[in-house]
Every structure is written in structure tokens, then in C-alpha cells.
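Subject: Structure handover and findings

Dear colleague,

Please find below the structure that I am handing over to you. My findings follow it.

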Amino acid sequence: MNNVLSLIFLLSQNTLKNDLMYNIAFYIIEHINEMEEKSIKQLAEECFTSTSSIIKFYQLIGFNSYSEFKRQLLSNFEARNLQLYEKHQYLTEEELMDKIDMFSIHKINREDFMNRMNCIVNYILEKKRIYVYGAVFPINLIQSFCEDMSVMEIPVHGMQISRGKNQIIEREGVHIIISLSGRYMQTRYDEYQTLCQMNKPTILFSKEKEYIGNVSLNIPLPETKSSDYDDLILLIILDIIKLKCFISLKK
């Protein structure tokens, strides 16, 4: 969806430097539920910047006034909330697992897989914040996941991995590493180990079996009938996590 909520996430995820626009987007993602009462002056103060920078930010994503920007943001947020409820009212874990099996060469062990999914959800519900590390394409794949989780008051931040040296900052939350082929662990092993040793829950999504390291939880991705299906399986797994979180938070 090309709306203001989507644009904020895109702005946050598609930058390799933590510039001013990134910091404002990062703050809004963290505090979407507080935006209704927040004035432009308050937002500027809490982002440690000026009101003119906030004006540049909302103009960058196509708005002429702060009131219109905020109105559209809250409207998109409410619409996403309704869509999330309608989608998960009838969706089942078995249906999603069937889709994974359809794209996999071998059927996965459902009991083991669901136990791992439950562990991820427990981490998420405890920490209430997620950081996802990956190259450009995997990070773009998590867009819908980020928006839906924000509706459940669990901010998700995409941390794009560049070809150069990446600054790894220890932050409170669940840290998910996506490396479908395992290339990141093989070519940037020291950086990967830094992530694993942060004393925070770290979860790996990969088909790699040798360079796993000391992650808190490994989610081994199945071999597929075509590499084109790897991305689909990742999206389905994210849907399972969303569904489990949604059901848990409804209780």
C-alpha cells in the first residue's frame, strides 16, 4: 500500500546512514500510537531536532502541512488495524504450513517448526521490539510485516546490511538475521558473531547449516523446488509469526 505508513517504513529501511530523516522515521515507528496527541513542536523536541526539520520530513513524503500528515498517518494506521483483524479472523496456522510444504522439496517437521515459532513469539511478546538485519531485498520483503506489527504496538526496524563495514549497536529487543543463502555469515563472520554475542535474543533465518554460530534460535529454511520460492516461504513464516502474535495479544 502506497500510504504514509508505508512511506515512513520505506524511508527508514532504505538508507545506509542514520541521518536526520532516518532518525525522525525511526522515532515515529516507535511512537505511532502517541502521534495523535503530539504537536510538531513536541515531535521536534523528542527527535532532538527543529520544527523546520519535521517540516522537511513530511514534505519529503508528499505532505504540505503537519496536520494533514498526522491525519493521514492515523487514518492509515486505523485502516491497517481493521485489515489485520479481518485477515486473521479466518487464517489458520495449518493453512500456512500447507503452503510451506507446497513449495518445499521435503515436508518439514511441523511439531519442531511450530515449537521454534512459539519461541520466537515468546521473545517478541517479552521484548516488544524487533530489529531485522538483511540485504536490500530481504529487508524490502518485511514491509507488510513491519506495518502489521506496528498495529500490534510492536515496532519493527529494518537494518539494511551494506557491503562495507556495518555498525552493530546493541539495542533492547529481538534481533532477527535473514541470510537465505548463508552468504552473510560466511563473508562477514566477525560482524555476524557480534550480533550473536549481544546478550539479546538473536534469531537466524537461513538455509545455511554450517556457519550458524551462537544464535539464540535457528530457523532452518527448507530446500525448495525453485529458488524463486525461498522468498515466498520467508513471507509465509512472517505471516505465521504475525498470526501467533495476534492470537496471543487478543487473549
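I begin with the aromatic residues: ring pairs link Phe57, Tyr58, Phe63, Tyr66 and Phe69 into a cluster. Please note that this is a predicted model.

The count of aromatic pairs comes to nine. One of them joins phenylalanine 57 and phenylalanine 69 edge-to-face, with 6.1 Å from centre to centre and 85° between the planes. This pair links distant parts of the chain, since phenylalanine 57 lies in helix H4 (residues 51–60) and phenylalanine 69 in helix H5 (residues 66–88), 12 residues apart. Both phenylalanine 57 and phenylalanine 69 are buried. Phenylalanine 69 also pairs with tyrosine 66: the ring centres are 6.1 Å apart and the planes stand at 40°, so this pair is tilted. Tyrosine 66 and phenylalanine 69 are three residues apart in helix H5, which separates them by about one helical turn. Tyrosine 66 is buried, as is phenylalanine 69.

Phenylalanine 57 also takes part in a helix contact. Helix H2 (residues 20–30) and H4 pack at an angle of about 80°, with their axes 10 Å apart. An angle from 65 to 115 degrees counts as roughly perpendicular, and H2 and H4 are therefore described in that way. On the H2 side the contact is made by Leu20, Met21, Ile24, Ala25 and Ile28, and on the H4 side by Ser53, Ile54, Lys56, Phe57 and Leu60. By class, the residues of this contact of H2 with H4 divide into eight nonpolar, one polar and one charged.

A second helix pair has another geometry. The axes of helix H9 (residues 143–151) and H12 come within 10 Å and cross at roughly 5°; H9 and H12 are therefore roughly parallel to each other. Ser144, Phe145, Asp148 and Met149 in H9 meet Leu238, Ile241, Lys242 and Cys245 in H12. The contact of H9 with H12 comprises five nonpolar, one polar and two charged residues.

Lysine 242 deserves a separate remark. This residue of helix H12 has a relative accessible area of 1% and is buried, because the cut-off for that class is under 20%. Not counting residues up to four places away in sequence, lysine 242 touches Lys87, His88, Ser144, Phe145, Asp148, Met149 and Met152.

H12 (228–250) also appears in the surroundings of helix H6: together with helix H7 (110–127), it is included in what covers the buried residues of H6. Those buried residues in H6 (residues 93–103) are Leu96, Met97, Ile100, Asp101 and Phe103.

I turn now to the sheet. Five strands form an open sheet in the order S2-S1-S3-S4-S5, with parallel pairing. S2 and strand S5 (217–220) are the edge strands, each pairing on one side only. From one strand to the next, the twist averages 20°.

How many bridges join S1 and strand S2 (residues 156–160)? S1 and S2 pair in the parallel sense over five bridges, and glycine 134 stands opposite glutamine 160 in S2. S1 is also joined to strand S3 (residues 174–178) by four bridges, again in the parallel sense, with tyrosine 131 opposite histidine 175 in S3. Further along the sheet, strand S4 (residues 202–206) and S5 run parallel and are joined by four bridges; the bridge partner of isoleucine 203 in S5 is leucine 217.

Why is strand S1 (residues 130–134) described as largely enclosed by the rest of the structure? Five of its five residues are buried, so the description follows. In a regular strand the side chains alternate between the two faces of the sheet. In S1 both faces are covered: Ile130, Val132 and Gly134 are buried on one side, and Tyr131 and Tyr133 on the other.

In the neighbouring part of the sheet, valine 174 is placed in strand S3 and counts as buried at 0% relative accessibility. Leaving aside its neighbours within four places in sequence, valine 174 is in contact with Tyr123, Ile124, Lys127, Arg129, Ile130, Tyr131, Pro201 and Ile203. The C-alpha atoms of valine 174 and valine 156 are separated by 9.4 Å, and these residues are 18 apart along the chain.

With kind regards

Note on methods
Residues numbered from 1 in each chain as written. Predicted model: local features only at pLDDT ≥ 70, side-chain atom pairs only at ≥ 80, totals over all residues. Heavy atoms only, no water. Buried < 20%, exposed > 50% of the residue type's maximum accessible area, 1.4 Å probe, protein only. Helix = DSSP H or I, 4+ residues; strand = E, 2+ residues; numbered from the N terminus. Contact = heavy atoms within 4.5 Å. Pairing = 2+ DSSP bridges. Phe/Tyr/Trp six-rings, centres within 6.5 Å; stacked < 30°, edge-to-face > 60°. Axes fitted to C-alpha atoms, helices over the stretch in contact; angles between N-to-C directions. Parallel < 35°, antiparallel > 145°, perpendicular 65-115°, else oblique. Nonpolar A, V, L, I, M, F, W, Y, C, P; charged D, E, K, R; others polar.
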